[in-house]
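Good morning, colleagues. Today I should like to discuss how two parts of one chain meet, and then turn to a single residue. Please have the sequence and the structure in view.

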Amino acid sequence: MKRDNNSLYRKVYKTEIGVVDPGIKDIPLLRKLPVINKAAELLRAGEVVAFPTETVYGLGADAGNPEAIEKIFQAKGRPQDNPLIVHIASKEQLRAVSDSSLKEDTLNLLEAFWPGPLTIITGKSSLISEKTTSGLDSMAVRFPSHPVARALIEEADLPLAAPSANISGAPSPTTAEHVYNDLQGRIPLLIDGGPTWIGIESTVLDTRSEAPVILRPGGISQEEIEKILGKEIRISPSESDNKGQPLSPGMKYSHYSPATPLILAKTREELLEKIKEYSSCNTKVILSEESREQIKGLLPAGMEVISMGPLAKPEIIAGRIFALLRKLDRPELDYIIVEGIPEKGIGLAVMNRLYRASSKE
Ligand code: TXA
Ligand code: MG
């Protein structure tokens, strides 16, 4: 047995990778694949399995089995007080895992966005382990749209607790390779279903009160939610409420950070300033397509830049950002500078991740 950082002993696995052709979208067909059967068997036996969702890869286990859930916390090195999202594969399954009936507004949101990257906070039924919710009286639940995720949940016939399949604190994984780099030897099976398409995690929305609150911006934007509800909604103003209690426990932890210090430049001016300031170091710059064109002539010789995509298409930037942070996380680099983008639509979620990944100076 290998010794983990915090003196707990963790099982060492030979991590198997099962490839699923991303072209297969048919759920009944996916459920017949040997890799999905094997994964479902492992999950029913209380093991963990990494699998693709439309947002990022998840690390799943039976949400009703505390020993299985403990393996998720161990594999990721995740703090015990950070609860997990329960993944389901039908709206009927929601009734089985939750304890309360939902408001009409919430049902309208589920109608509009499920399956998809919207997580709602509700009460849990006794089917869900306290370990999954870190002892909270509330539960986060979502119905992912990725056919592999749906086939796996259906075939295992279990609600799956699944955080992002990265080592705690690292950028979330958008390819099987990212998962393998973080979790090899820590999990028995990884389903490779190709790159995820949204690229950042789901929106976490607390719908328990009359005024819903976004606890974590994500794949479904504030504007999209407001359009369905016909009213304005709030975004959790800070990482804590006025009693100092984090609303979404995960928001209090340092997150998404590459080991190389990341400098966030919010404006074009700041971008040029930072490029100048760090020009004598080994620095790489992540910027928009537009900025790359416009400041080409102003870059110090030898400073490499990499495009995150066009500002006009923030969904492309969302799809690439975590992969870029991982790609540039190389020991020979001193700094990564990243350009900020407008906090509109999915751009808000991208900026939330960049704020939290960047070095606080
Ligand atoms: O897109 C996603 O949501 C991905 C994929 C795999 O589905 N999952 C994901 O899980 O991002 P994770 O564990 O990395 O982030 C879950 C977030 C954390 O910030 C956690 O604190 C919050 O959801 N959360 C979970 N249960 C909660 C609860 N009962 N109340 C408030 N926040 C909760
Ligand atoms: Mg995560």
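The domain bounds I shall use come from an automatic or database domain assignment. By that assignment, domain 1 covers residues 16-235 and domain 2 covers residues 262-358. Please bear in mind that this is a predicted model.

Let us begin with the boundary between the domains. Their C-alpha centres are 29 Å apart, and 20 residues of domain 1 are in contact with 15 residues of domain 2. The size of an interface is often given as the accessible area lost when the parts come together. Here, domain 1 and domain 2 bury about 1,400 Å² between them, with 61% of that area on carbon and sulfur atoms. On the side of domain 1, the residues that lose the most area to domain 2 are Pro171, Ile200 and Pro217, which together account for 40% of what that side buries.

I turn now to the polar side of the interface. Six residue pairs are in polar contact between the two domains, and the count of salt bridges between them is two. Arg353 forms a salt bridge with Glu201, where the closest N and O atoms are 2.8 Å apart. By class, the domain 1 side that touches domain 2 comprises seven nonpolar, nine polar and four charged residues.

Finally, consider Ala349, which lies in helix H12, residues 347-357. Is Ala349 buried or exposed? Its relative accessibility is 1%, so Ala349 counts as buried. Leaving aside residues up to four places away in sequence, Ala349 touches Ile200, Pro217 and Gly218. Pro237, 112 residues away from Ala349 in sequence, is 14 Å from it in space, C-alpha to C-alpha.

Definitions and conventions
Residues are numbered from 1 along each chain as its sequence is written. Chains are lettered from A and ligands numbered from 1 in the order in which they are written. This is a predicted model: local features need pLDDT of at least 70, side-chain atom pairs count only at pLDDT 80 or more; totals for chains, interfaces and linings use all residues. Side-chain values use heavy atoms; hydrogens and water are left out. Helices (H or I, at least four residues) and strands (E, at least two) are DSSP runs, numbered from the N terminus. Buried means under 20% relative accessible area, exposed over 50%, partly exposed in between (1.4 Å probe, protein chains only). Contact means heavy atoms within 4.5 Å. Buried area is the accessible area (1.4 Å probe) that two parts lose on being put together, summed over both. A salt bridge is a side-chain nitrogen of Lys or Arg within 4 Å of a carboxyl oxygen of Asp or Glu. A polar contact is a pair of N or O atoms within 3.5 Å; within protein, one must be able to donate a hydrogen and the other to accept it, and residues adjacent in sequence count only if both atoms are side-chain atoms. Ala, Val, Leu, Ile, Met, Phe, Trp, Tyr, Cys and Pro count as nonpolar, Asp, Glu, Lys and Arg as charged, and the others, Gly among them, as polar.
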